[in-house]
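Colleague: Please pick one part of this model and walk me through it closely, residue by residue where that helps. I would like each cut-off spelled out as you go, and a little of the surroundings for context.

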Amino acid sequence: MQGLDGAIGYFELSFAKAKGIPTVSLDTGAPEPVAVSAETASAGIATAHVDGTGHDMTLTFDYRTRASGAYPIVLITYEIVCDSGNQAEVLPALKSFLTYTASEEGQKDLSRIHYAPLPDEVAARVRQVVSRLS
């Protein structure tokens with residue numbers, strides 16, 4: 001089913017784009033309603049606060065942000081890894097994968113497939129944490 005009058009649904013942007021399902025702009029209190037896109041989702045992620053202790057990269061989102069151009073309904077994927085004690089034969093592949101995915105190269109084409117690149121500040125912190133894995 002693609003629609004039901006009065007219904008509200010949630011699914012990822014890449015699915016909506018692939019299926020031609022219309023999305024909505026949100027009136028967040030910013031000067032203009034915000035349409036969903038990879039760029040506006042990244043701006044929404046940029047309003048999050050990094051919580052946790054040590055190298056914990058848990059994000060708390062500001063779903064009430066009024067930042068111009070920030071789409072506030074966002075989710076991210078977490079990669080849960082140990083900061084120490086990783087198996088020596090697995091560690092290089094783990095670090096390589098995480099380093100690449102958080103790199104400028106790994107982030108640059110995400111918008112093309114309707115995924116939100118990490119804001120530069122968040123990606124830099126991820127790279128810093130990954131570099132310390134042992």
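Modeller: Happy to: I will start with some ground rules and the overall layout, spend most of the time on helices α3 to α5, and then look at the surroundings.

This is a predicted model, in which local features need pLDDT of at least 70 and side-chain atom pairs count only at pLDDT 80 or more, while totals for chains, interfaces and linings use all residues. Residues are numbered from 1 along each chain as its sequence is written, and side-chain values use heavy atoms, with hydrogens and water left out.

First, the layout. The chain has five helices and four strands, where helices (H or I, at least four residues) and strands (E, at least two) are DSSP runs numbered from the N terminus. Read from that end, the order of elements is α-β-β-α-β-β-α-α-α. The C-alpha trace spans about 55 × 30 × 25 Å along its principal axes. Of the 134 residues, 28% count as buried; buried means under 20% relative accessible area, exposed over 50%, and partly exposed in between, with a 1.4 Å probe and protein chains only. As for contacts (heavy atoms within 4.5 Å), 57% of those between residues at least 6 apart in sequence join residues at least 24 apart.

Now the close look, beginning with α3. This helix, residues 91–102, has twelve residues and reaches 16 Å from its first C-alpha to its last, close to the 16 Å expected at 1.5 Å a residue. That expected span is 1.5 Å times one less than the number of residues. Its buried residues are Leu91, Leu94, Leu98 and Ala102. Seen down the axis of α3, they fall within an arc of 70°, so they line one face of the helix; the arc is that of the directions from the helix axis to the C-beta atoms. On the other side of α3 sit Pro92 and Ala93, both exposed. The buried residues of α3 pack against α4 and α5.

Next along the chain is α4, residues 104–107, which contains Glu105. Glu105 forms a salt bridge with Lys108, with the closest N and O atoms 3.6 Å apart. The rule here asks for a side-chain nitrogen of Lys or Arg within 4 Å of a carboxyl oxygen of Asp or Glu, and by it the count comes to one salt bridge. Glu105 is partly exposed, with a relative accessible area of 44%. For a sense of distance, Glu105 and Pro33 are 72 residues apart in sequence and 31 Å apart in space, C-alpha to C-alpha.

The loop between α4 and α5 holds His114. The phi of His114 is near 65°, a positive value in a residue other than glycine. His114 is partly exposed, at a relative accessible area of 31%.

After that loop comes α5, residues 120–131. Like α3 it deserves a length check: α5 has twelve residues and reaches 16 Å between its first and last C-alpha, close to the 16 Å expected. Val122, Ala123, Val129 and Val130 are buried in α5. They cover an arc of only 125° around the axis, which puts them on the same side of α5. The face turned away from that buried side carries Asp120 and Glu121, which are exposed. What covers the buried residues of α5 includes α3.

Two cores round off the picture. A nonpolar core is a set of buried Ala, Val, Leu, Ile, Met, Phe, Trp, Tyr and Cys residues joined through side-chain atoms within 4.5 Å. The largest has six residues: Ala41, Ile45, Ala48, Leu59, Phe61 and Val74. A second, separate core of five residues includes Leu91, Leu98, Val130 and Leu133.

Ile45 is one of the buried residues of α2 (residues 38–46), and the buried residues of α2 pack against α1 (13–19), β2 (34–35) and β4 (58–60). Leaving out residues up to four places away in sequence, Ile45 touches Leu59, Phe61, Val74, Ile76, Ala116 and Pro119.

Finally, the aromatic rings. Rings of Phe, Tyr and Trp (its six-membered ring) pair if their centres lie within 6.5 Å; planes under 30 degrees apart count as stacked, over 60 as edge-to-face and the rest as tilted. A search of the whole structure finds two such pairs. Phe11 and Phe15 are edge-to-face, 5.2 Å centre to centre with 75° between the planes. Phe61 and Tyr63 are tilted, 5.8 Å centre to centre with 40° between the planes. In this second pair, Phe61 is buried at a relative accessible area of 14%, whereas Tyr63 counts as partly exposed at 47%.
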